[in-house]
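Me: Please take a close look at one helix contact in this model and at what surrounds it. Give the cut-offs as you go, and keep it plain.

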Amino acid sequence: MTNCVLCKEELRPEEGQLIWRGDDCRIILVNDPDLPGFCRVIWNHHVTEMTDLTRGEREHLMSLVFAVEEAIRHMMCPDKVNIAALGNMVPHIHWHVIPRYKDDAFFPGSAWSTRVQELSLSKLSERQQLASQLPAAIKAAIATLS
């Protein structure tokens with residue numbers, strides 16, 4: 001599909017950082033100033049629904065989602081991790097893996113809700129530093145899957 005933003009190969013720096021890429025999936029550290037550590041696990045081929053994948057493909061994709069969650073929990077120690085696959089705006093299989101804290105800008109709402117509070121710059125900077133360590137932690141978690 002030519003107009004799908006998740007089908008494109010290029011990732012602009014303002015969108016985030018490519019952490020890992022396999023034949024079927026890739027993992028992006030999303031550049032979200034309010035939610036450091038927000039990752040996206042994207043199926044490389046334009047497929048709309050999970051049930052369009054084979055059982056093995058679904059298991060592979062979810063093992064990557066869980067590896068990302070594990071790395072986020074270990075590195076960032078969030079109060080909660082949100083995992084979501086909505087696809088309403090972009091009908092291409094992708095999972096959001098988002099570290100959440102009781103003091104983040106949107107808590108207790110979703111990451112797409114209205115901002116309800118401000119986080120101190122020092123706390124935000126601390127979380128950005130932790131998020132910068134995620135690529136190595138995610139790659140290490142994926143290496144244990146083989």
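Reply: What follows takes the helix contact, then an aromatic pair and some loop residues.

This is a predicted model, in which local features need pLDDT of at least 70 and side-chain atom pairs count only at pLDDT 80 or more, while totals for chains, interfaces and linings use all residues. Residues are numbered from 1 along each chain as its sequence is written, and side-chain values use heavy atoms, with hydrogens and water left out.

The contact is between helix α1 (residues 55-76) and helix α3 (residues 134-143). Helices here are DSSP runs of H or I with at least four residues, strands are runs of E with at least two, and both are numbered from the N terminus. Two packed helices are described by the angle between their axes and the distance between the axes. For α1 and α3 the axes come within 9 Å and cross at roughly 135 degrees. The axes are lines fitted to C-alpha atoms, for helices over the stretch in contact, and the angle runs from 0 to 180 degrees between N-to-C directions. The two helices are therefore oblique to each other; under 35 degrees counts as roughly parallel, over 145 as roughly antiparallel, 65 to 115 as roughly perpendicular and the rest as oblique. The crossing of α1 past α3 is right-handed, meaning that the near helix is turned clockwise from the far one by less than a right angle, whereas an anticlockwise turn would be left-handed.

On the α1 side, the residues in contact (heavy atoms within 4.5 Å) are L64, A67, V68, E70, A71, I72, M75 and M76. They meet L134, A137, I138, A141 and I142 of α3. By class, these residues are 12 nonpolar, no polar and one charged. In that scheme Ala, Val, Leu, Ile, Met, Phe, Trp, Tyr, Cys and Pro are nonpolar, Asp, Glu, Lys and Arg are charged, and the others, Gly among them, are polar.

Two α1 residues can be followed further. V68 is buried, with a relative accessible area of 0%; buried means under 20%, exposed over 50% and partly exposed in between, with a 1.4 Å probe and protein chains only. Leaving out residues up to four places away in sequence, V68 touches I27, C39, V41, V97 and I138. The C-alpha atoms of V68 and A140 are 10.0 Å apart, across 72 residues of sequence. M75 is also in α1 and counts as buried at 17% relative accessibility. With the sequence neighbours up to four places away again left out, M75 touches L130, Q133, L134 and A137. From M75 to R127 the C-alpha distance is 9.7 Å, with their positions 52 residues apart in sequence.

After α1 comes the loop to β4 (80-84), which holds C77. This residue is exposed, at 57% relative accessibility. The phi of C77 is near 45 degrees, a positive value in a residue other than glycine.

Away from the helix contact, the structure holds one aromatic pair. The centres of the F38 and W112 rings are 6.4 Å apart and their planes stand at 85 degrees, so the pair is edge-to-face. Rings of Phe, Tyr and Trp (its six-membered ring) pair if their centres lie within 6.5 Å, with planes under 30 degrees apart called stacked, over 60 edge-to-face and the rest tilted. F38 is in the loop between β2 (25-30) and β3 (39-43) and W112 in the loop between β5 (94-100) and α2 (121-132), so the pair ties together parts that are 74 residues apart in sequence. F38 is buried at 3% relative accessible area, whereas W112 is partly exposed at 46%. Besides F38, W112 touches A84, L86, H96 and I98, not counting residues up to four places away in sequence.

The loop between β5 and α2 also contains P108 and Q117. The peptide bond from F107 to P108 is cis, with omega near 10 degrees. Q117 is partly exposed, at 27% relative accessibility. F107 is one of the residues Q117 touches, along with K102, D103, D104 and A105, not counting residues up to four places away in sequence. The C-alpha atoms of Q117 and F107 are separated by 8.0 Å, 10 residues apart along the chain.
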